[in-house]
Amino acid sequence: MKKLIVVFVSMLLLAACTQDATSEKPKESATNNEGKTEQNESSEDKNAKDETETEVEATNEKVKVEPQYKINPGNWSIEPIAEANSKVVLLTIDDAPDKHALEMAKTLKKLDAKAIFFVNGHFLDTPEEQETLKQIHDLGFLIGNHTYSHSTLSDLSEEEQKKEIVSLSDTVESIIGERPKFFRAPFGDNTDFSKQIVSNQKMSLMNWTYGYDWEKDFQTGEAIADIMVNSPYLTDGANLLMHDREWTNEGLETIVNGLREKGYEILDPNLIQTPEA
Ligand SMILES: [Zn+2]
């Protein structure tokens with residue numbers, strides 16, 4: 001009997017070590033939103049007779065967040081799965097990390113607003129750029145895949161499309177230790193083949209519902225803030241597209257405050273359902 005207990009405890013230990021080695025993610029992935037974190041099952045075996053062998057506690061601290069939202073693939077809005085608040089908007093920042101993404105991340109962090117930063121590989125070539133990505137991730141933001149070089153996927157061969165997508169996920173993983181869970185094609189141009197790659201890579205495909213910061217009329221902080229908050233497309237679950245741009249950076253705080261004043265919660269993208277890795 002004692003032998004059995006020793007074997008059991010050793011297995012627990014082994015499991016705990018393996019777990020630690022592979023899950024060095026920041027634990028804080030679902031703040032504020034009382035996302036139901038699964039209770040760790042305490043495998044502490046109180047009836048073990050020999051006390052020296054019960055020191056092992058199941059230190060499985062990996063926080064598993066129950067998805068509360070899903071992407072509507074018909075219009076790219078975000079929908080509650082069950083009882084979750086439907087009056088939410090998702091913030092996304094594309095073409096990062098160029099000149100303003102880090103400052104944007106800091107602004108959002110200050111406002112306690114979450115977002116996804118969709119990044120490109122050509123902004124991650126140097127150690128400085130890689131450090132910037134790491135800082136954005138460390139501030140608590142999800143990193144999405146926006147292809148390596150921001151090419152129009154339908155202009156590329158299948159081999160090139162695959163490289164555009166997979167090589168960037170490899171690069172991101174090498175910098176922050178995890179692969180992107182969301183994919184957004186440049187210009188929203190997905191092909192049947194690229195969708196397959198995205199699926200194979202266990203990513204969720206995501207376009208957006210509205211955005212304006214590439215249009216001439218909205219290239220001041222004031223103008224972009226005004227339209228993002230007062231757009232006729234602002235609805236429950238709206239998926240807001242913004243970019244790493246000077247004017248969007250300038251207007252960002254006003255955008256977040258304006259959306260909140262209208263009663264919208266800024267959604268934590270960690271709560272969106274993604275394919276199981
Ligand atoms: Zn883009």
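**Helix packing and nonpolar cores**

In helix 6, Gly221, Ile224, Ala225, Met228 and Val229 come up against a stretch of helix 7 made up of Trp247, Thr248, Glu250, Gly251, Thr254, Ile255, Gly258 and Leu259. Sorted by class, the residues of this contact are seven nonpolar, five polar and one charged. The model is a predicted one. In it, the axes of helix 6 and helix 7 come within 7 Å and cross at roughly 35 degrees, and the crossing is right-handed.

Helix 6 itself covers residues 221-230, and its buried residues are Gly221, Ile224, Ala225, Ile227, Met228 and Val229. Part of the cover over these buried residues comes from helix 7 (246-261), and strand 8 (238-243) contributes as well.

Leu259, already met on the helix 7 side of that contact, turns up again in the largest nonpolar core. This core has 41 residues, and Leu259 is one of the four that touch the most other members, along with Leu91, Leu108 and Phe117. Several elements put two or more residues into the core: strands 3 (88-96), 4 (116-119) and 8, plus helices 2 (101-110), 3 (127-138), 4 (158-176), 6 and 7. Setting aside neighbours within four places in sequence, Leu259 is in contact with Val89, Leu91, Tyr210, Met228, Val229, Leu234, Leu240, Tyr264 and Ile266. Apart from this core lies another, of 25 residues, with Val88, Leu142, Val166 and Ile197 among them.

Two of those names, Val166 and Ile197, also show up where helix 4 meets helix 5. Here the axes are 10 Å apart and the helices, the second of them spanning residues 192-200, pack at an angle of about 35 degrees. As for handedness, helix 4 passes helix 5 in a right-handed crossing. On the helix 4 side the contact is made by Glu158, Gln161, Lys162, Ile165 and Val166, and helix 5 answers with Phe193, Ser194, Ile197 and Val198. By class, that gives five nonpolar, two polar and two charged residues.

Leu142, also named in the 25-residue core, leads on to strand 5. In this strand (residues 142-145), Leu142 and Gly144 point one way while Ile143 and Asn145 point the other, and all of them are buried. That fits a general pattern: in a regular strand, side chains alternate between the two faces of the sheet. Strand 5 runs parallel to strand 4, and four bridges join the two. Within this pairing, Phe118 stands opposite Gly144 of strand 5.

Notes: Residues are numbered from 1 along each chain as its sequence is written. This is a predicted model: local features need pLDDT of at least 70, side-chain atom pairs count only at pLDDT 80 or more; totals for chains, interfaces and linings use all residues. Side-chain values use heavy atoms; hydrogens and water are left out. Buried means under 20% relative accessible area, exposed over 50%, partly exposed in between (1.4 Å probe, protein chains only). Contact means heavy atoms within 4.5 Å. A nonpolar core is a set of buried Ala, Val, Leu, Ile, Met, Phe, Trp, Tyr and Cys residues joined through side-chain atoms within 4.5 Å. Axes are lines fitted to C-alpha atoms, for helices over the stretch in contact, and angles run from 0 to 180 degrees between N-to-C directions. A crossing is left-handed if the near helix is turned anticlockwise from the far one by less than a right angle, and right-handed if clockwise. Ala, Val, Leu, Ile, Met, Phe, Trp, Tyr, Cys and Pro count as nonpolar, Asp, Glu, Lys and Arg as charged, and the others, Gly among them, as polar. Two strands pair if DSSP finds at least two bridges between them.
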